[in-house]
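Dear colleague,

I am passing on to you the structure shown below. After it you will find an account of what was found.

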Amino acid sequence: MAAPSQVTFACGVDGLWHVEAVERVTGAALPLAGRLAVLEGHVTSDVVAWALRGTTGHQRYTTRAEKGALGSVQPVLGRAASRCASLIPIRKSDAWWELAQDERRAIFEDASHHISASMKYLPAIARRLYHSRELGEPFDFLTWFEYAPDDASHFDDLLAMLRATEEWRYVEREVHVRLQR
Ligand code: HEM
């Protein structure tokens, strides 16, 4: 799958992905539904349980060196072996958004090692980050991950590691939608 720059995650009765679980992590949950479709463009529909929209954007925090390092190991989406996926919508607090760019980068990487500590999970985990805040959506980010069933426990380790960081003190809503195909 070539990932679209504008995407709608539509959860209802149709779609490639079977919804295994909808786990509330922080803040309000999302309703459970049977299947999830990843649709190109910003689609509205009254037949889905919920739909979340996002857009790929330019990178805000990644340095040139980090970009090069990521580029050399990060896999494409849509690998045949990636029968598991996770959609993790996240909203950060007003306190986060009131910080200046350099303060956010310091928390994101210098204190929390978001990139350097997550890199070792590549290429097992394929990822894509969508931005939603500017669209007036309920979440600021829609994070999408694909991996093989054998790597599911490693993905859970990654989640536990990130959720213990200083960065995650600014996360006020997070839901983990676990998917299989
Ligand atoms: C698989 C390993 C991962 C790698 C290599 C990775 C890497 C990155 C990078 C490079 C960025 C910065 C993009 C930019 O410069 O704007 C980023 C942002 C982000 N990542 Fe990750 N990430 C990983 C896993 C995760 C996971 C598991 C989550 C969610 C539980 C997550 C949530 C986010 C969020 C919400 C942002 C946006 C932060 C912001 O702009 O405030 N990441 N990630």
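In which helix does His114 lie? His114 belongs to helix 4. Please bear in mind throughout that this is a predicted model.

The iron and its donor

I begin with His114, as this residue recurs in the findings on the ligand. The iron atom of the ligand has a single donor from the protein, namely NE2 of His114, at a distance of 2.1 Å. In addition, an N or O atom in the side chain of His114 is 2.9 Å from a nitrogen atom of the ligand.

Other contacts with the ligand

Two further side chains should be mentioned here. Lys92 places a polar side-chain atom 2.8 Å from an oxygen atom of the ligand. For Arg127, an N or O atom of the side chain is 3.5 Å from a nitrogen atom of the ligand.

The shell around the ligand

There are 26 residues around the ligand, and those that come nearest are Arg60, Tyr61, Thr62, Lys92 and His114. By type, the shell consists of 16 nonpolar, five polar and five charged residues. At least two residues of this shell are supplied by each of strand 5 (84-92), helix 4 (114-118), strand 6 (126-131), strand 7 (141-147) and helix 5 (152-163).

The largest pocket

Where does the ligand sit? The ligand is found in the largest pocket, which holds about 1000 Å³ of space. The lining of this pocket is made up of 42 residues; His114, Arg127, Arg128, Leu129 and Thr143 lie nearest the centre. Of the lining residues, 25 are nonpolar, ten polar and seven charged. Helix 1 (64-73) contributes at least two residues to the lining, as do strand 5, helix 4, strand 6, strand 7 and helix 5.

Backbone features on either side of helix 4

Two points about the backbone remain. His113 is found in the loop between helix 3 (101-111) and helix 4. The phi angle of His113 is near 55 degrees, a positive value in a residue other than glycine. The second point concerns Pro123, whose place is in the loop between helix 4 and strand 6. Leu122 and Pro123 are joined by a cis peptide bond, with omega at about 5 degrees.

When you open the model, I would suggest beginning with His114, the single protein donor to the iron atom of the ligand.

With kind regards

Key
Residues are numbered from 1 along each chain as its sequence is written. This is a predicted model: local features need pLDDT of at least 70, side-chain atom pairs count only at pLDDT 80 or more; totals for chains, interfaces and linings use all residues. Side-chain values use heavy atoms; hydrogens and water are left out. A residue is near a molecule or strand if one of its heavy atoms lies within 4 Å of it. A polar contact is a pair of N or O atoms within 3.5 Å; within protein, one must be able to donate a hydrogen and the other to accept it, and residues adjacent in sequence count only if both atoms are side-chain atoms. On a 1 Å grid over the protein atoms alone, a cavity is a set of points where a 1.4 Å probe fits but cannot get out, and a pocket is an open set with protein on both sides within 12 Å along at least five of seven lines; lining residues have an atom within 4 Å of a point. A molecule sits in a cavity or pocket if more than half of its atoms lie within 2 Å of its grid points. Helices (H or I, at least four residues) and strands (E, at least two) are DSSP runs, numbered from the N terminus. Ala, Val, Leu, Ile, Met, Phe, Trp, Tyr, Cys and Pro count as nonpolar, Asp, Glu, Lys and Arg as charged, and the others, Gly among them, as polar. Donors are N, O and S atoms within 2.8 Å of the metal (3.2 Å for Na, K and Ca); water is not among the atoms, so sites may look incomplete. Grid points are joined across faces, edges and corners, and a volume is the space filled by probe spheres set on the points.
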